[in-house]
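Hi,

Here is the structure I promised to pass on. Have a look at it first, and then read on for what turned up.

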Amino acid sequence: MSSIFTKIIRGEIPCYKVAEDEKFFAFLDINPLKKGHTLIIPKEEVDYIFDLDEDLLAEMMVFSRKIALAIEKVVPCNRIGVVVLGLEVPHAHIHLIPIDSEADVRFSNPREQMNEEEFKDLAERINKQII
Ligand code: 5GP
């Protein structure tokens, strides 16, 4: 069975897409720790990030950088935190989270409440900043 993220890539489950290329897909986390919290996934469905082919993993980080630089331009923050957990969804993903302090990346924190319009607008604004 396909992962929920593969279904998102295929458009079978909706998401707020930030960007995609041939190999990767970026979209807003539906339960953001901070506004702009974005997930980067490979289109190839592999559960554990360190099972990815070496080259693909390196390319995933380069793609993540591109998106992180765009998020920074839209969301005021100290920097973009990079987190990998993978405990919930068995499809490798990198969390990009705009942070001001260490406390901002605690996954036990209450999540940001955002409506559909806010999500849509944010995804579009980040997309426009990608170089
Ligand atoms: P992890 O697997 O790294 O522990 O966490 C998975 C992350 O994916 C969580 O932050 C969760 O909010 C996010 N997530 C889970 N299901 C969906 C979904 O259907 N859409 C989106 N946009 N994010 C999801």
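Before the strands, one term: two strands count as paired if DSSP finds at least two bridges between them. Also keep in mind that this is a predicted model.

With that in hand, start at strand β1 (residues 17–20), which runs antiparallel to β2 and is joined to it by 3 bridges. Across this pairing, Glu-20 sits opposite Phe-25 of β2. The two strands make a hairpin, with 3 residues between them. On β2 there is another partner too: strand β3 (residues 38–42) pairs with it over 5 bridges, again in the antiparallel sense. There, Phe-27 stands opposite Leu-39 of β3.

So is β2 buried or exposed? Of its 5 residues (24–28), 5 are buried, so the strand is largely enclosed by the rest of the structure. In a regular strand, side chains alternate between the two faces of the sheet. Here both faces of β2 are covered: Phe-24, Ala-26 and Leu-28 are buried on one side, and Phe-25 and Phe-27 on the other.

Now the cores. The largest nonpolar core has 28 residues, and those touching the most other members are Val-18, Leu-28, Ile-40, Ile-67, Leu-96 and Ile-126. At least two residues each come from β1, β2, α2 (54–74), β5 (94–99) and α3 (116–128), with α2 giving the largest share, 8 residues. A second, separate core has 7 residues, including Phe-5, Ile-8, Leu-39 and Val-89.

If you want one residue to click on, try Leu-96: leaving out residues up to four places away in sequence, its contacts include Thr-38, Ile-40, Ile-67, Ile-71 and Val-82.

Cheers

Conventions. Residues are numbered from 1 along each chain as its sequence is written. This is a predicted model: local features need pLDDT of at least 70, side-chain atom pairs count only at pLDDT 80 or more; totals for chains, interfaces and linings use all residues. Side-chain values use heavy atoms; hydrogens and water are left out. Buried means under 20% relative accessible area, exposed over 50%, partly exposed in between (1.4 Å probe, protein chains only). Helices (H or I, at least four residues) and strands (E, at least two) are DSSP runs, numbered from the N terminus. A nonpolar core is a set of buried Ala, Val, Leu, Ile, Met, Phe, Trp, Tyr and Cys residues joined through side-chain atoms within 4.5 Å. Contact means heavy atoms within 4.5 Å.
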